Amino acid sequence: MKDDLIDVLADGINKKYKGETLAYNLGVAEDSPSDIKEWVSTGSSMLDLAISNTTNGGVPVGRITEITGMEQSGKSLVSAHLLANTQKKGGVAVYIDTENSVSQEYLRAIGVDVEKLLYVSVDTVERIFETIDTIVEKVRTQERDRLVTIVVDSVAAASTEMEMDSEYGKDGYATAKALIMSKSMRKVTGMIGRERICLVFTNQLREKLGVMFGDKYTTSGGKALQFHASVRLRLKSIGKIKKKTPSGDSIIGVQTRAIVIKNRLGPPQREADFEIYFDRGIDDYASWLKTMKNQNIVKQSGAWYTYTQTDDNGEVVEDHKFQTKDFSELMETNTELRDSIYREICDSVIMQYRSTELDIDNTEIEVSEE
C-alpha cells in the first residue's frame, strides 16, 4: 500500500536541491538510478544468466564491472564480445588500451566493426579517468539516449604520472595508484549511474604470499575498484581444446570458467563454463548443451541426444535428435527450437527469490566451510 508521506519527503528533498531529482519512491519510480533497464551480452548466454539472473541479461548498463583473471584467461576476449554486442545494439564501443596490444584481426573475427570503434591509447590512471569524463560529457550534450560501452584494458598495466616521471629504481611505497583509483571511482560511479553507459575494467590477479586460508588472490590498484564495481568476474582456464592433425594434436582453444565473485544485481558465487576458440571467440552453443545435460533437459544415449519440445501447455510438440557436432547448426537454422531450449534453460537456471509470504523451504542445504 502506498505511503503518501514518502512522496512528501521525496518532493521536499528534491525541491531543496532546486528541482534536481535525488529522492525516489522505489515502488512507483520509473527512472530510479537503482534500476537496471539494460544489459550488454558477454557473448556467453550462460555467463549472462549467471550475472543478471534474468533472460537476455549480461553486464549491467549504468554500472561498473570488473573482469579479473590470470594471463590468457579470456579477459580481453570477453571485453571484445561486449564491444561487438554493443555495436549490434546500435551503440558506441570505446576501447581504452593501456597495453598497446589489441589485434584488429581478432576483433574483426569476434564481430567488432573496427571502423566504428573508438580506440584510445593511454598509459596512466589519470588519463583513463580523464578520457571517461570527456566521453560522459560529450554523450550528455550529443546523444544521451545512445548506448556507450567503455572497456578499460587493463588497470594492472596502467601507471601514474608520478611513476612515469620517476626513475626505474625502487622509490618507496607504491600507493599513488590506489589513492588515484579511490578518488576517481568515487567520482565516476555516480556519474555513469544516470547515463546509458556500461563501464568495464579488466584487471590481472596477483597472488598474495603466505596465504594458507581464504582467497589467495588480489588485484592491482587497491580496493576501490572492488568496492565500487557492481559485478566482479573471475575467469580461469580449466582445459584446452585440441584438434587432431597429421602432425599431431593442435591446440585450437581453451575451456574457461567464469565465477561471479561479487554481484549486487543477482545471486553471487555462480559459475558459467564456456569454450573459447582462437579463430572466432566464444562458442556459445557448446555451453548450452553442457547446461542442458547438467539440468536433465536432454536425454543422452551414446553419441545422440534427444530433446522433447513442448508448447506452453506442456503438450509434446516434437522430439529432436542430434549429435554434438550438429547442435550449433541446428540452433542457427531452427529459431523456434532455439527459443524453446533457451526458455527451458532459463527456467532451470534462474533463481527465484523467496517471498516473505511463502513457507520456509525445509530442503536439506549443504554448507561448505571454505
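Is Asn100 buried or exposed? Asn100 is exposed, with a relative accessible area of 54%. This is a predicted model, and that applies to everything I say today.

I'll stay with Asn100 for a moment. Asn100 sits in the loop between strand 4, residues 92-97, and helix 4. Its phi is positive, about 50 degrees, although Asn100 is not a glycine. Gln269 is another non-glycine residue with a positive phi, about 60 degrees here. You will find Gln269 in the loop between strand 10 (248-263) and strand 11 (271-277). Gln269 is exposed, at a relative accessible area of 53%. Asn296, which follows helix 9, also has a positive phi, near 60 degrees.

One more backbone item. The peptide bond joining Asp153 and Ser154 is cis, with omega about 5 degrees. Ser154 belongs to the loop between strand 6 (148-153) and helix 6 (161-165).

Now the pockets. The largest pocket holds about 760 Å³ of space. Its lining consists of 26 residues, and those nearest the centre are Ser41, Gly43, Ser45, Asp284 and Tyr285. Several elements give two or more residues to this lining, among them strand 1 (39-40), helix 2 (45-52), helix 9 (284-294) and helix 11 (335-349). Helix 3 supplies the largest share, four residues. By class, the lining has eight nonpolar, nine polar and nine charged residues.

The second largest pocket has about 610 Å³ of space. It is lined by 22 residues, with Gln72, Lys75, Ser76, Leu77 and Tyr106 nearest its centre. Helix 3 and helix 4 (104-110) are the elements that give this lining two or more residues. Helix 3 again gives the most, four residues. The classes here are 10 nonpolar, eight polar and four charged.

So helix 3 gives the most to the lining of the largest pocket and to that of the second largest. One residue in helix 3 is Asn85. Asn85 counts as buried because its relative accessibility is 15%, and the cut-off for buried is under 20%. Leaving out residues up to four places away in sequence, Asn85 touches Val40, Ser41, Thr42 and Gly43. Ser41 and Gly43 came up a minute ago, among the residues nearest the centre of the largest pocket.

Next, the interior. Which residues have the most contacts inside the largest nonpolar core? They are Leu49, Trp288, Met292, Tyr307, Phe327, Ile341 and Ile345, in a core of 54 residues. Ile341 touches Trp288, Met292, Tyr307, Phe327 and Met331, again not counting residues up to four places away in sequence. A second, separate core has 29 residues, including Ile132, Val155, Met185 and Ala224.

Trp288 and Met292 are both among the buried residues of helix 9, along with Asp284, Tyr285, Ser287, Leu289 and Thr291. As background, an α-helix has 3.6 residues a turn, so residues three or four places apart point the same way.

Last, the cysteines. How many disulfides does a search of the whole structure find? Zero. Why no bond for Cys198? The closest cysteine sulfur to that of Cys198 is in Cys346, 20 Å away, which is too far for a bond; the cut-off is within 2.5 Å. Taken from the other side, the closest cysteine sulfur to that of Cys346 is in Cys198, at 20 Å. Cys198 is buried, with a relative accessible area of 0%, and Cys346 is buried at 2%.

Methods:
Residues numbered from 1 in each chain as written. Predicted model: local features only at pLDDT ≥ 70, side-chain atom pairs only at ≥ 80, totals over all residues. Heavy atoms only, no water. Buried < 20%, exposed > 50% of the residue type's maximum accessible area, 1.4 Å probe, protein only. 1 Å grid on protein atoms, 1.4 Å probe; cavity = no way out; pocket = protein on both sides within 12 Å on 5 of 7 lines; lining within 4 Å. Points joined across faces, edges and corners; volume = space filled by probe spheres on them. Nonpolar A, V, L, I, M, F, W, Y, C, P; charged D, E, K, R; others polar. Contact = heavy atoms within 4.5 Å. Core = buried A, V, L, I, M, F, W, Y, C linked by side-chain atoms within 4.5 Å.
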